[in-house]
Amino acid sequence: MRRLLNILLPAASVMFSCFQSFSQTSKQSKTISNPFDSLNYDNVVAYDYNGSPEMQIVINGQLLSLKGRIYKQKELSTKQIRKLNKILGDSNTYGGSTAACFDPHFGVVYYKQIKIVRHISICLDCNYLMSSAKIPASETKKVFPGDDTDEFYFAQGFSKDARLKISRLVKALQFSHWQLNSDLFDK
């Protein structure tokens, strides 16, 4: 019996170790990567701007340059960048509904040696963002109505908590032309 246990115990230990490794791999594959964690940039600038319908902060690789469109800009601190990146990459940030308009007034541009590497335009009135980087977390709660050919989807908008966090950041930057005009999504 002892001899049999000496043979079986090491085999069971190896099997348990393999199962444990598989279990960890499964959990890791479910984590969502945040594209801003690995982004190579040296500074990030936030913009208070007038992005009339569909006008993002960067157009054709160039910062919006129409006269009078950018009211104010501020370079974000390391702490503000970390906080923003965490918000953007968190699946809990998304899942709210959206409106059909997109009139962004808050833009964020990531620079590397004055070259634009990524940008985000945010409109809290219609409750979503447009980003030059694919944000996997923003796709975790999409709900497709109808058949598979329907490209329109619901529930990619910001959650109530995310709207509050983004609003706090904008207020901390003292952007005066940007304000949360609609609380429709906060109910």
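Helices here are DSSP runs of H or I with at least four residues, strands are E runs of at least two, and both are numbered from the N terminus. You're working with a predicted model, where local features need pLDDT of at least 70, side-chain atom pairs count only at pLDDT 80 or more, and totals for chains, interfaces and linings use all residues. Residues are numbered from 1 along each chain as its sequence is written, and side-chain values use heavy atoms, leaving out hydrogens and water.

**Exercise 1.** Work out how many helices and strands the protein chain has, and in what pattern they follow.

*Solution.* Step 1: count them up, and you get 3 helices and 9 strands. Step 2: walk along the sequence, and the pattern reads α-β-β-β-β-α-β-β-β-β-β-α.

**Exercise 2.** Find the salt bridge in helix α3 and say how far apart its partners sit along the helix.

*Solution.* Step 1: recall that a salt bridge is a side-chain nitrogen of Lys or Arg within 4 Å of a carboxyl oxygen of Asp or Glu. Step 2: the side chains of Lys165 and Asp161 fit, at 3.2 Å from N to O. Step 3: these two are 4 residues apart in helix α3 (residues 160-172), so about one helical turn separates them.

**Exercise 3.** Take the salt bridge of Lys134 and Glu139, and decide whether each partner is buried, partly exposed or exposed.

*Solution.* Step 1: set the cut-offs: buried is under 20% relative accessible area, exposed is over 50%, and partly exposed is in between (1.4 Å probe, protein chains only). Step 2: Lys134 has 59% relative accessibility, so Lys134 is exposed. Step 3: Glu139 has 35%, so Glu139 is partly exposed.
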